[in-house]
Amino acid sequence: MEQSKKENRTIINIGTSLMVVILIGMAFAVIAALAISSSHNNYSLSEKLMTHTNEYYAASNQAYETIAKTDWADQEFTVDINENQVLNVKVASGEITCWQVENISSWEADSTQPVITIQD
């Protein structure tokens, strides 16, 4: 009789341990999938930021070249950054008085989320 109790206990303990190991393995798999997804999104965002920064500095360099060619004369002009933005520059009395990025088109999100509207 004592022999059968020990056998039953051993089988229950092995089953419980196996379930815990399986749950831990599944948790690690979910964490790994989330980490991969997060790193992919961060990479995409970094690429967009790099592109935007390069466009801004190219426009900035072009503006400085224009100012230098005219020997810091009083002037006001715009430089295209990309299809959505321009850099407004104004030089007065040998100093830059305006250096402003302006959006020339309406902003649109990269993706849309469904929104529920409540109508009265």
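## A guided tour: rings, core, pocket

The structure holds two aromatic pairs. One of them is Tyr56 with Tyr57; select both. Their ring centres lie 5.4 Å apart and the planes meet at 75°, so this pair is edge-to-face. Keep in mind throughout that the model is predicted.

**Stop 1: Tyr56.** Stay on Tyr56 and colour by accessibility. Its relative accessibility is 23%, so Tyr56 counts as partly exposed. The cut-off for buried is under 20%.

**Stop 2: Ile81.** Tyr56 is among the residues that Ile81 touches, so long as residues up to four places away in sequence are not counted. Select Ile81 next. Where does Ile81 sit? Ile81 is in the loop between β1 and β2. Is Ile81 buried or exposed? Buried, because its relative accessibility is 9%. Now show its contacts. Beyond those sequence neighbours, Ile81 touches Glu55, Tyr56, Ala59, Val86, Leu87 and Val101. Draw a C-alpha to C-alpha distance from Ile81 to Asn54: 9.3 Å in space, with their positions 27 residues apart in sequence.

**Stop 3: the nonpolar core.** Select Ala59, Ala63, Ile67, Phe77, Val79, Ile81, Leu87, Val89 and Val91. These nine residues form the largest nonpolar core. Which elements give two or more residues to this core? They are α1, β1 (75-80) and β2 (85-92). In soluble globular proteins, nonpolar side chains tend to be buried together. Zoom in on Ala59. With neighbours within four places in sequence left aside, Ala59 is in contact with Val79, Asp80, Ile81 and Leu87.

**Stop 4: Ser60.** Step along to Ser60, which lies in helix α1. Ser60 counts as buried because its relative accessibility is 7%. Show its partners: apart from residues up to four places away in sequence, Ser60 touches Leu87 and Trp99. Leu87 belongs to the core you have just left.

**Stop 5: the largest pocket.** Turn on a surface. Rolling a probe the size of a water molecule over the atoms shows where empty space is left. The largest pocket holds about 290 Å³ of space. It is lined by 15 residues, and those closest to its centre are Asn82, Asn84, Gln85, Asn103 and Trp107. Select these five to find the spot. Which element gives the largest share of the lining? Helix α1 (residues 2-69) does, with four residues. Finally, colour the lining by residue class. Eight of its residues are polar, five are charged and two are nonpolar.

Notes
Residues are numbered from 1 along each chain as its sequence is written. This is a predicted model: local features need pLDDT of at least 70, side-chain atom pairs count only at pLDDT 80 or more; totals for chains, interfaces and linings use all residues. Side-chain values use heavy atoms; hydrogens and water are left out. On a 1 Å grid over the protein atoms alone, a cavity is a set of points where a 1.4 Å probe fits but cannot get out, and a pocket is an open set with protein on both sides within 12 Å along at least five of seven lines; lining residues have an atom within 4 Å of a point. Grid points are joined across faces, edges and corners, and a volume is the space filled by probe spheres set on the points. Ala, Val, Leu, Ile, Met, Phe, Trp, Tyr, Cys and Pro count as nonpolar, Asp, Glu, Lys and Arg as charged, and the others, Gly among them, as polar. Buried means under 20% relative accessible area, exposed over 50%, partly exposed in between (1.4 Å probe, protein chains only). Contact means heavy atoms within 4.5 Å. A nonpolar core is a set of buried Ala, Val, Leu, Ile, Met, Phe, Trp, Tyr and Cys residues joined through side-chain atoms within 4.5 Å. Rings of Phe, Tyr and Trp (its six-membered ring) pair if their centres lie within 6.5 Å; planes under 30 degrees apart count as stacked, over 60 as edge-to-face and the rest as tilted.
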